[in-house]
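Work through these exercises with the sequence and the 3D view open. Try each task before you read its solution.

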Amino acid sequence: MSEPVSYSIHDGIAVVTIDSPPVNAIDQTLRARLKKTFTELRAQAGVKAIVLACAGKTFVAGADIKEFDTGIAEPGYHEVLRLIEDSRVPVVAAVHGTALGGGVEITLACHYRVAHVGARFGLPELSLGIIPGAGGTQRLPRAVALEVALDMMLTGKPMAAGKALEAGLVDSVTEREVLPAAIAFARELVQKGAGPRRTRELSVKGAAAAGELLSATRAKVARTMRNRLAPLALIDAVQAAVELDFDKGLQVESKLSAQLEQATEAKALRHLFYAEREVRKIPGLSPAIAARPIASVGIVGSGTMGGGIAMCCVNAGIPVTLVDAAQQNLERGLATIRKNYQRSVDRGSLRAEQMEQRLALITGSLDYSALTEADLIIEAVFENMALKKEIFARLDAVAKPGAILGTNTSTLDIDEIAAVTHRPQDVIGLHFFSPANVMQLLEVVQAGKTAPDVLVTALELAKRIKKTGVVAKVCYGFIGNRMMDPYGREAERCVLEGATPTEVDSALEQWGMAMGILAVYDMAGVDIGHLTRVARAHSLPKDPSFYRPSALLFDRGWIGQKAGRGYYRYDGAERKRAADPEVIAMLAEEARRLNIPQRKPDAAEIEQRCLYAMINEGALLLQEGIALRASDIDVVYTAGYGFPRYRGGPMFYADTLGLRTVYDGILAFQKTLDPQYWQPAPLLKELALSGSSFAQWQTGQTR
Ligand code: 3HC
């Protein structure tokens, strides 16, 4: 293994190179080596300037996240960065790739910054529940305007080199290789006799108007980043930068960082960081299995899903053939894709020529024979088993040998679909979420006969099209929709017991869900869920406690946003959701008919019932082997269902509550609600009674 930090001196310029693959993350060893290096360089009289660069694909991508689990060991960030900043000769950072978190903070301890034109600077700490804790909250507002610094740290959005130059974050941008450019920059400094420009000695930019900016930002954060600790702590730290001297400000930053690092919020977000990378590792799958090449994709169905999937593929440069049964549908589908891209062009997030390049990669056709060359064909028609079987039989007849046949079904039995082909080993579920070009999640459903290399290909494709692919096995609804069922059932039960739809959804939204489930039903279409339940009525218990009042909405045609009303009304130009007294009266009448006592559950009860029901189903999925890991379930829910990331996902959240609490809660509901419905999953019971957790169980399973 190469040295993580090395240096060489040529002609008075020392080049310090960090080389710690894969992403040059900073851990204790790296800090210790940086300390040693900069201490040694201090003693070298012949050194006139220092360039700090990185080997590999990127500049430092931040602190080694794993170190936060155990606590930061000596030497600390402040000590090492201070040593760099204290250098008596100018230090120039040479940045390529992504400088993230601690990576940006190192560049701020350097005196000058030269960036490759493709470099980006980001401070994603809030997404890990912490704040820039290596002096970033104090140095950044001294390097760029306070408003820009706050925006960078609050949004975590990486800033491109060109913008960084405009903002004053970098001194020079080069299209050439960055290291020689930085060396030339350093030489020029030496020739000019320019000394160190220490960021800590600069004053905060925009301090005069800071009071107003900080209080407006605080109010906005309280509104938009509800239930979170780190964003408000960040503003406190920045306020310290404005009001205190550098060293005192640094102390405030340290104190806040230490508190945040061990808080549940940070633990939850670190858990997701690991979980999102773990999903790609499939137990039992040999790393020697190679993915099949995917050079072109066919899509059957040019509706919302098919069009969104086509956009995902062409965004990644993969040509698409889009097939539909009717010319009119195809034209509408292609027009919608163009409209979606045009919106991005109008917003400035896409250039017009990029739009044209992407559109040029899409070919429409009414003929299945246009699919004969596709390496992967994804069926994306509506949820109907007979139709899907018919399509798969046709695809089997035209697809070339070795082509992968994917279905975008969200609930149906993929083994049954695969069985109509002569190549069930090539069939897989690719469950995209709507809108497919936006949503992060891709459930990759491994059917009974899916070949291992087909699974590997699907996971690679997910990464290529920038999705988080999570593997599930076949069952009704896979991971996501199956857990959604009891969660939504509880919400609908609560409205029958006298809580209004607004009360139910507000309870869930206050807790942190992006949108209450009844509003989600309205958005997705009440008819979708209802018709799916009707189609599988044979497999549902006949017990009245499984009855869902959305049937009443369906009967009246109140099927959600597309009809202008569902659980709510959507009137006016903005179509904002508003309570509907008629629906509330209808639900009360239905409760009377069914003799359901009006207990009017409060927010705490709504939240517990909905979430415990979801967690219990998650435990069933684990014991049935539908989900490979509890953390996979957490990824599904945070990436695809608006579950708050800062709570870590449903299974992590259950662990933070304590499984005994969840189990006892379910037993209590068994006594006061439906005893038949509230049955703890055997795995939940076992773990709760033995004082264990989903995380511990997982470790036991994978050991
Ligand atoms: N710490 C530890 N490991 C890290 C890491 C980090 N900061 N960043 C990436 N890795 C690991 C990943 O876990 C992965 O490991 P694996 O191969 O064993 O699964 C490997 O590096 C490659 O990462 P990706 O698969 O994510 O590679 P990509 O090329 O897709 O993305 C990246 C590269 C953009 C750098 C992306 O990894 C990333 O965003 N990393 C996180 C960056 C981050 O959040 N940094 C801030 C840390 S907090 C901080 O700096 C605190 C400071 O203020 C003190």
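**Exercise 1. Find the residues that T450 touches outside its own stretch of sequence.**

Solution. The model is predicted. Step one: set aside the neighbours of T450 within four places in sequence. Step two: look for heavy atoms within 4.5 Å, the cut-off for a contact. Step three: read off the partners. T450 is in contact with P424, Q425, V427, I428 and L455.

**Exercise 2. Place T450 in the chain, and decide whether T450 is buried or exposed.**

Solution. Start with the flanking elements. T450 sits in the loop between β16 (441–446) and α18 (452–464). Next, take the relative accessibility of T450, which is 7%. The cut-off for buried is under 20%. T450 therefore counts as buried.

**Exercise 3. Name the backbone atoms that the side chain of T450 reaches.**

Solution. Take the oxygen partner, then the nitrogen partner. The side chain of T450 reaches the backbone oxygen of V427 at 2.8 Å. The side chain of T450 also reaches the backbone nitrogen of A447 at 2.8 Å. Now link this to the contact list: V427 appears there too.

**Exercise 4. Describe the surroundings of the ligand.**

Solution. Count the shell before looking at single atoms. The ligand is surrounded by 26 residues. The closest are A61, A63, G102, E105 and E125. Sort the shell by type: 13 residues are nonpolar, 4 are polar and 9 are charged.

Now go to the oxygen atoms of the ligand. The side chain of K57 has an N or O atom 2.9 Å from a ligand oxygen. For G102, a backbone N or O atom lies 2.8 Å from an oxygen atom of the ligand. For E105, an N or O atom of the side chain is 2.7 Å from a ligand oxygen.

Then check the cover. On its own, the ligand has 970 Å² of accessible area, and the protein covers 75% of this. Last, find the elements. Those giving two or more residues to the shell are α4 (102–109) and α12 (264–278).

**Exercise 5. Judge how compact the whole chain is.**

Solution. First, list the elements: the chain has 30 helices and 19 strands. Second, compare two values. The radius of gyration is 28 Å, and the globule rule gives 27 Å for 703 residues. These values are close, so the chain is as compact as a globular protein of that length. Third, add the extent. The C-alpha trace spans about 85 × 60 × 55 Å along its principal axes. Finally, check burial: 54% of the 703 residues are buried.

Conventions:
Residues numbered from 1 in each chain as written. Predicted model: local features only at pLDDT ≥ 70, side-chain atom pairs only at ≥ 80, totals over all residues. Heavy atoms only, no water. Near = heavy atom within 4 Å. Polar contact = N/O pair within 3.5 Å; in protein donor to acceptor, adjacent residues only side chain to side chain. Areas by Shrake-Rupley, 256 points an atom, 1.4 Å probe, with all protein chains shown as cover. Helix = DSSP H or I, 4+ residues; strand = E, 2+ residues; numbered from the N terminus. Nonpolar A, V, L, I, M, F, W, Y, C, P; charged D, E, K, R; others polar. Rg over C-alpha atoms; globule rule 2.2 N^0.38 Å. Buried < 20%, exposed > 50% of the residue type's maximum accessible area, 1.4 Å probe, protein only.
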